[in-house]
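Colleague: I should like to examine the reasoning behind the labels attached to this model. Please set each value against its criterion before concluding.

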Amino acid sequence: MAAGILSKEPFNLIVAGVGGQGNVLLSAFIGLALVREGFMVSVADTFGVSQRGGSVTSHIKISQKTSYSSVTLRGKADVILGMEPVETLRALGEFGNPQVVAIVNPRPVHPSGGISYPDLDEVKQAIGRLSARATFVNATEEALKMGDPIYTNIILLGALMGAEVLPMEVRAMLPVLQERFPQGIFDVNLKAFNRGIELIKGA
Amino acid sequence: MAGIATDNPGAVVLLVGNEAVARGAIEAGIGVAAAYPGSPTSEILPTIAGVAGERDIHVEWSANEKVATEVAAAASLAGIRSLAVMKQNGLNIAADFIVNLNMTGSGEGGMVIFVADDPGGMTSSNEQDSRMVAKWIDNPLLEAENAQEAKEMLKWAYELSEKLKLPVFLRGVTRLCYTRGNVTLGELPPRSRKKAYFPAIWDMYNPTKSKFTAGPSPVAHRDLHEKLEVARGVFEESPFNHYSGPDNPELLIIASGVCTSYSAEALKVLNIEERVGLLKLGTVWPLPEKLVAKWLSSTGKVLFVEETDPFIEQSVMELAADRLPEMGGIVFYGKRSGHLAPCNEQSTDLVMAALTDILGLPPQFRDSDYQKSAEEAMKLVPNRPINMCAGCPHRATFWAVKNAIALDGRKGFVCGDIGCYSMSFAAPGFYQARTMHAMGSGTGLANGFGNMQRFGFDQPVLAVSGDSTFYHAVLPALVSGVYNKANFTLLILDNSATAMTGFQPHPGTGLLATGEMAPVVDMEGLCRAVGAEVRVCDPFVLGEATRTIVEMMQNESGPRVIIMRHMCQLLKAKRKISDKYRVQVDRERCLGDSCGCDRLCTRIFGCPGLMWDSGAKKAAIDEALCVGCGLCSDICPAGAIKKEEVN
């Protein structure tokens, strides 16, 4: 999408993941960058009662002119950034439509209590069926290569920005990263961000 | 957030509702802010604390919401603007004071109580509607729609409070507190403010003068009602009430708070803005009756959209009954008619469904082929039950409790309480907690269970409490238990933080809300001083912890206290304290389904760091989640989980 112009009003981005994966931070970064680009933004996180381990969905509604209510309407997502495959599918089930674009980290987070995880290939196929375009980005795997799974969300942020599905250029995110990460950890996070961009360009 | 005290009026920033409330308080020039952590409001006080030095504000985590409200009231009485913050549960704790504060009035400094409810119970054990509380204790109440409005309303509320000499409620909900939106910054006041002074006047014959003891009730109560009438008059003209739509709408929506946005969006999506009017009420109690009556007489149908109880609905119906002769009959839709539910959150989708039904609009469906494949795909999606974190010390504690109760063999049980460990009523705590109500209620119930021997009651009674909860509401119950020789064992799960709400410090941590050093209120010494026997354990030393619990359960006397001390795993991560083990599953030793343990580690113990490798049919460690506490190696019956010390 061209920077500064919305293809649709409002434009709905959903970040779907599991508590502890860092999607609240991720969606705040995206919101911050969009506000600086002059958009009206609403960012809402939907979660269960658990601290960790439950589904967490962040809804980012982007508008050129007005502030909308917080949560996405059923079937009205434009882009889904999936931090976890099953959670991506859960979000598609509620907010998906034939035009939705999905960017997905294929690394499963297993539910606790002995509940078994479905066959990953089947999940990926279903994600493909329920989206106009689904791109899988091995963010956790790359983060582990970098030495810490904590970088997963910043790699995914890079992938999202690199996919050029939001109404802003990649560089709009850089000042946000610079402000939010202290000097000592900025470089490694920038590396993670750039890795995400490379991954989506190469996908 | 950095820059919350930025002196740049007119700048547009992205703030989450709680930050906007904090910014509003700073723009209003408050001198005192006090609270007890309670989600969804927990981030307001820390945000103010972040600029406390810079803005010269006294910020404190009080031991509970009643003390916080009293601290804020004292500031008001001494002429300083103040803010008290709490969630709906906390308002109940504070209400006993507020109902009496209203009788005397607050002081020259405006006082605002920000209270947030939790429709949907996302971070709560109930869905209490605090607007009902405002009504029964005679307090004016405002309700904000979004972050920007919360900031503006807060400032306006101080002026109202100073005019009425009453604390004013600003009510939010989870969706307001935790939604980020564009906020335009206002001006910051000068730092200097007048000297605090308490004009301790008491004149029972002249109730209009300042007096700060709850005096002859009927007189003070009458005066309070007069103040509410003044508030109603102010509300009739308030800029926070607004109508949009045609002059004579086919249907009028009356909405408040976040429900206003849901309603506006529903009208836009359904393209019926020319047919349906929307009256948004920002001043909810007392009801601005003239304004409402004016719009009631413009239509024959009204739909109420609000969270959670039918509060405005009932107030307006009362008004309509009063004015029936002049206004005639109106058909009301809302919670009474069943078009919206008096529980859970509302949403744009729900409002659209109600409108579709009332106006007979064509229902909107998703593409039917897509809907079919979506439903099919959902069959793949498993539940994701709540859990404690990987390496959580509560998991260790409840494992010890479960085994201790089994070893004791007398059908002992745990009275639960409020915190992360509330999850012990479910799988993460092995279903050990059999009660769970309010802050401190576990120990209170244990007092009762612990004094029923005369009725043949012979089960051992355990209660659990978090460290912050202990100071908040457990202490009186423990004192009462010692005094009345109640027979129970209290486990204080001391993880060095108010973890569930985001690691706020408390009287036992040695830190203030501002991060400065504070005296430590010694939990162990306190329990000993009131006369309880006290032991301290590390729950990760499982065998010793289990033995201690058994011993204390069997030591039948007054209350015994075991402090289960181990720092919250997330706090450790924040402070860069890493656990000491590398944990791996020995694939040779793990017998999988043929072990007979029935997947004890993944199915029962359930640490998120463990997973079942369905290909190999053996347990595995998820290296992205495991923190290296090593506890699972102590519970594997085959000794297949190996921990290896790393530095």
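**Labels and their grounds**

Modeller: In β8(B), B:R180 is the bridge partner of A:V43. The model is predicted, and every value that follows is computed from it.

Colleague: What makes β2(A) and β8(B) a pair of strands?

Modeller: Pairing requires at least two bridges between the strands. Strand β2(A) and strand β8 (residues 179-184) of chain B share three bridges, in the antiparallel sense, so they qualify as a pair.

Colleague: How many residues of each chain are in contact, and what is the make-up of the side of chain A that touches chain B?

Modeller: The contact involves 54 residues of chain A and 51 residues of chain B. On the side of chain A that touches chain B, α1 (23-36), β2 (40-47), α2 (85-95), α3 (120-129) and α4 (139-145) of chain A each supply at least two residues. The largest share, seven residues, belongs to β2(A). By class, that side has 26 nonpolar, 21 polar and seven charged residues.

Colleague: Why is B:S468 called buried?

Modeller: The label buried applies at 20 or more C-beta neighbours within 10 Å. B:S468 has 30 C-beta neighbours inside 10 Å and therefore counts as buried. B:S468 belongs to helix α18 of chain B, and its contacts, not counting residues up to four places away in sequence, are B:T498 and B:H506. B:L493 is 25 residues from B:S468 in sequence, with a C-alpha to C-alpha separation of 9.4 Å.

Colleague: Where does α18(B) lie?

Modeller: Helix α18 (residues 467-483) of chain B lies across β17 (461-466) and β18 (489-494) of chain B, at about 135 degrees to β17(B). Both strands appear in an open sheet of six strands with parallel pairing, in the order β16-β15-β17-β18-β20-β19 (chain B).

Colleague: What makes β16 and β19 of chain B edge strands?

Modeller: Strands β16 (433-435) and β19 (533-537) of chain B each pair on one side only. From one strand to the next, the sheet has an average twist of 30 degrees.

Colleague: How do you know that β15(B) pairs with β16(B)?

Modeller: Two bridges join strand β15 (residues 413-415) of chain B to β16(B), in a parallel arrangement. The criterion is at least two bridges, so the pairing is accepted. Within this pair, B:V414 stands opposite B:A433.

Colleague: Why is B:K580 called partly exposed?

Modeller: Partly exposed lies between the limits of 12 or fewer neighbours for exposed and 20 or more for buried. B:K580 has 13 C-beta neighbours inside 10 Å, so it counts as partly exposed. B:K580 occupies the loop between α21 (569-574) and β21 (581-585) of chain B. Leaving aside neighbours within four places in sequence, B:K580 contacts B:G628, B:E645 and B:V646.

Colleague: Why are B:D56 and B:F503 given their exposure labels?

Modeller: B:D56 has 11 C-beta neighbours inside 10 Å and so counts as exposed. B:F503 has 19 such neighbours inside 10 Å and so counts as partly exposed. B:D56 lies in the loop between α3 (52-55) and β3 (58-61) of chain B, and B:F503 in the loop between β18 and α19 (523-529) of chain B.

Colleague: What is the phi of each of these two residues?

Modeller: The phi of B:D56 is positive, about 55 degrees, although B:D56 is not a glycine. B:F503, likewise not a glycine, has a positive phi near 65 degrees. Most residues other than glycine have a negative phi, and most peptide bonds are trans.

Colleague: Which peptide bonds are cis?

Modeller: Among them are the bond joining B:W285 and B:P286, with omega about -5 degrees, and the bond from B:E307 to B:T308, with omega near -5 degrees.

Colleague: What makes α10(B) mostly covered?

Modeller: In α10(B), 10 of its 12 residues are buried. These buried residues, including B:Y262 and B:L267, pack against several elements of chain B, among them β7 (168-173), β10 (251-256) and α14 (348-359). Helix α10 (residues 258-269) of chain B reaches 17 Å from its first C-alpha to its last, close to the 16 Å expected.

Notes
Residues are numbered from 1 along each chain as its sequence is written. Chains are lettered from A and ligands numbered from 1 in the order in which they are written. This is a predicted model: local features need pLDDT of at least 70, side-chain atom pairs count only at pLDDT 80 or more; totals for chains, interfaces and linings use all residues. Helices (H or I, at least four residues) and strands (E, at least two) are DSSP runs, numbered from the N terminus. Axes are lines fitted to C-alpha atoms, for helices over the stretch in contact, and angles run from 0 to 180 degrees between N-to-C directions. Two residues are in contact if their C-beta atoms, placed from the backbone, lie within 7 Å. Ala, Val, Leu, Ile, Met, Phe, Trp, Tyr, Cys and Pro count as nonpolar, Asp, Glu, Lys and Arg as charged, and the others, Gly among them, as polar. The expected span of a helix is 1.5 Å times one less than its number of residues.
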